[in-house]
Each structure stands twice: as C-alpha cells, then as structure tokens.
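Dear colleague,

I am passing on to you the structure shown below, together with a summary of what was found in it. I would be grateful if you could read the notes with the model open.

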Amino acid sequence: MLFDTHVHLNDPCFDADRAELMAALPQKGIGLAMNAGCSLETSKQALQMAAPYDWLYCSVGSHPDSADEVNEDVIEEYRKLCKLESKVKAIGEIGLDYYYEDIPREVQKKAFIAQMELAKELDMPVIVHERDAHEDGMNIIRQFPTVKGVFHCYSGSAEMARQLTKLGWYIGFTGVLTFKNARKAVETAQAIPLEQIVIETDCPFMAPEPFRGKRNDPSLVYRVAEKLAELRGITPEEAQQITFENGKRLYRID
C-alpha cells in the first residue's frame with residue numbers, strides 16, 4: 001500500500017481522463033494521497049476533489065508563486081476551511097522560492113510567516129516548498145518551534161535535512177530520487193531516519209525513471225519507494241509500509 005503524500009490532481013492536464021485515473025488508483029496500490037493547494041482557488045479545488053474519495057485528503061495554502069494574494073481575508077478563508085472541513089489535513093503548500101523571483105522575497109517571507117502563524121494557531125502540520133532559499137526558510141521555521149510538517153520535494157543538503165529531522169520535520173522525496181544525477185537527493189535519503197521520510201510524485205511533474213518527461217501521476221510513486229528501498233537495504237514492500245505509516249503520522253490520519 002502506497003501513500004503519495006503530495007499530488008496536484010486538479011491540474012488541468014488531468015481534465016481529459018481524471019475520472020478514469022481516480023477510479024483506477026486504488027487498484028494500483030494507492031491507499032492514500034494528499035492533494036496540495038497552491039492558492040486560494042486551487043485549495044478550494046483540492047477540497048472539492050477530495051470529498052468523494054475516502055483515500056484522498058487535501059491541504060490549503062498559498063505557494064510562494066501566489067504569495068502576493070495572501071492577506072487577512074485569505075488567511076480567514078483558510079482558517080474557516082481548516083475548522084469546518086475534516087478532509088483538510090495541513091496548511092500548504094507554503095514557503096519560499098527564490099529560483100525565479102517573480103514574487104519579491106519580502107512578499108514571500110511575509111506570506112510564509114502569516115501561514116505558519118495560522119498553522120501554530122490551529123495546531124496543524126505544514127507542507128513547505130523551499131527552493132534556493134535555504135537560510136531564510138530555516139530561519140522562519142525556527143521562529144515556530146511548535147509547528148512541524150514536511151519539506152516536500154526536498155532540494156537541500158543532507159546536513160540541512162539532518163537539522164530538520166532533529167527538529168521533528170519530515171522530508172519528502174519525489175521521482176527526482178530515481179534520476180541518474182540526483183546525488184544530493186540520494187545522499188539525503190541515506191543520511192536521515194527512515195521514520196521521517198515520505199514519498200510523493202508532486203504530479204503531474206517530475207515523473208520517475210523510466211517515465212521521465214511524461215505526465216506523472218500517483219500510480220508511479222512506487223518507483224520512489226523502490227529506489228528508497230535500494231538505498232536503505234530494505235525490500236520495496238518495507239519501504240512502502242514505512243513511508244505509508246510515516247505519511248499517516250505526518251498528516252494525523254487515523
């Protein structure tokens with residue numbers, strides 16, 4: 001049984017065959033999945049999508065690329081969704097992305113802090129997107145010692161991951177772990193406790209080998225589990241079970 005801990009199944013690229021895909025996923029070993037919001041609009045879409053499926057949950061939050069939408073009204077919308085909807089299990093994906101810098105850094109940091117404050121208030125885990133912003137990202141999460149969650153699609157160093165796991169955080173690995181040039185991801189997956197590793201597709205992006213370049217979907221997350229098993233000297237079945245339980249614990253799913 002697999003837990004794909006980060007998906008974007010409301011992406012328009014699934015519009016043509018979404019119903020068929022969703023119906024087939026449980027038969028392909030997907031026991032649970034987390035559909036992550038990236039803006040107020042996509043958060044509402046993720047919640048609407050999760051409602052009919054007992055295996056699908058969602059998060060609500062504004063990605064760094066949508067940081068300029070975050071204000072008191074948007075935070076209040078997220079607060080209401082978290083309090084009223086049992087399918088909402090996390091705040092996210094939130095964080096910092098300095099790769100393109102389409103949104104000014106100060107705007108990103110302000111939005112990240114506001115959503116971390118909401119997570120603290122509601123005692124909820126967070127899903128953090130952090131790219132090329134390691135120092136600022138660590139500085140902000142250290143301001144909120146009671147807030148825990150996952151650095152999804154992890155791109156930092158093994159040393160930073162060790163620091164995060166010591167603070168009680170989880171690290172999420174995507175299909176990047178299977179790429180031939182994924183030295184940092186491989187080093188990190190070997191360096192941190194298995195009990196704090198979760199696997200994800202981040203679909204429709206970053207399909208694992210040998211499907212790289214194609215549309216990704218949760219049915220391919222098994223390849224991440226297989227690679228993790230290889231790196232840690234365990235069976236694929238053990239990797240699936242361990243990461244399944246880790247994901248449930250991360251998102252507090254009974």
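I begin with the enclosed space. By class, four charged residues, two nonpolar residues and one polar residue make up the lining of the largest cavity. Please keep in mind throughout that this is a predicted model.

The residues in question are Asp 65, Asp 97, Tyr 100, Glu 101, Asp 102, Ile 103 and Gln 108. The volume of this largest cavity is about 40 Å³, and a search of the whole structure finds one cavity of 30 Å³ or more.

Two of the lining residues deserve a further remark. Glu 101 belongs to the loop between β4 and α4 (105-122). Its phi is near 60 degrees, a positive value in a residue other than glycine. With a relative accessibility of 40%, Glu 101 is classed as partly exposed, because the partly exposed class runs between 20% and 50%. Asp 97, for its part, stands opposite Arg 131 in β5.

That pairing leads to the strands themselves. β4 and β5 run in the parallel sense and are paired over six bridges. β5 is mostly covered, with five of its six residues buried. In β4, attention is drawn to Glu 93, which is placed in that strand: the peptide bond that joins Gly 92 to Glu 93 is cis, and its omega is near 10 degrees.

I turn next to the largest pocket, whose volume is about 930 Å³. Its lining comprises 37 residues, of which His 129, Arg 131, Cys 153, Asp 202 and Met 206 are the closest to the centre. Several elements each supply at least two residues of this lining, namely α2 (40-50), β4 (88-97), β5 (126-131), β7 (170-173) and α7 (183-191). Sorted by class, the lining of the pocket holds 14 polar, 13 nonpolar and 10 charged residues.

Met 206, named above among the residues closest to the pocket centre, lies in the loop between β8 and α8. The phi of Met 206 is positive, near 50 degrees, in a residue other than glycine. Its relative accessibility is 28%, and Met 206 therefore counts as partly exposed. The loop between β8 (197-199) and α8 (222-232) also holds Pro 204. The peptide bond from Cys 203 to Pro 204 is cis, with omega near 15 degrees.

Helix α2, which contributes to the pocket lining, also has a buried side to report. Its buried residues are Leu 40, Ser 43, Ala 46, Leu 47, Met 49 and Ala 50. These pack against α1 (18-24), β2 (30-35), β3 (56-60), α3 and β4.

Within α3, which spans residues 72-84, I would point to Arg 79. What makes Arg 79 count as buried is its relative accessibility of 18%, because the buried class covers values under 20%. The side chains of Arg 79 and Glu 76 make a polar contact at 2.5 Å. Leaving out residues up to four places away in sequence, Arg 79 touches Leu 118, Glu 121 and Leu 122.

The last region is helix α9, where two residues were examined. Asn 246 is found in this helix and is buried, its relative accessible area being 2%. The side chain of Asn 246 reaches the backbone oxygen of Ile 197 at 2.8 Å. Beyond its neighbours within four places in sequence, Asn 246 is in contact with Tyr 170, Leu 194, Glu 195, Gln 196, Ile 197 and Val 198.

Arg 249 is likewise placed in α9, which covers residues 236-251. With a relative accessible area of 43%, Arg 249 is partly exposed. Not counting residues up to four places away in sequence, Arg 249 touches Tyr 170 and Glu 195. Gly 168 and Arg 249 are 81 residues apart in sequence, while their C-alpha atoms are 12 Å apart in space.

With kind regards

How values were computed: Residues numbered from 1 in each chain as written. Predicted model: local features only at pLDDT ≥ 70, side-chain atom pairs only at ≥ 80, totals over all residues. Heavy atoms only, no water. Helix = DSSP H or I, 4+ residues; strand = E, 2+ residues; numbered from the N terminus. Buried < 20%, exposed > 50% of the residue type's maximum accessible area, 1.4 Å probe, protein only. Polar contact = N/O pair within 3.5 Å; in protein donor to acceptor, adjacent residues only side chain to side chain. Contact = heavy atoms within 4.5 Å. 1 Å grid on protein atoms, 1.4 Å probe; cavity = no way out; pocket = protein on both sides within 12 Å on 5 of 7 lines; lining within 4 Å. Points joined across faces, edges and corners; volume = space filled by probe spheres on them. Nonpolar A, V, L, I, M, F, W, Y, C, P; charged D, E, K, R; others polar. Pairing = 2+ DSSP bridges.
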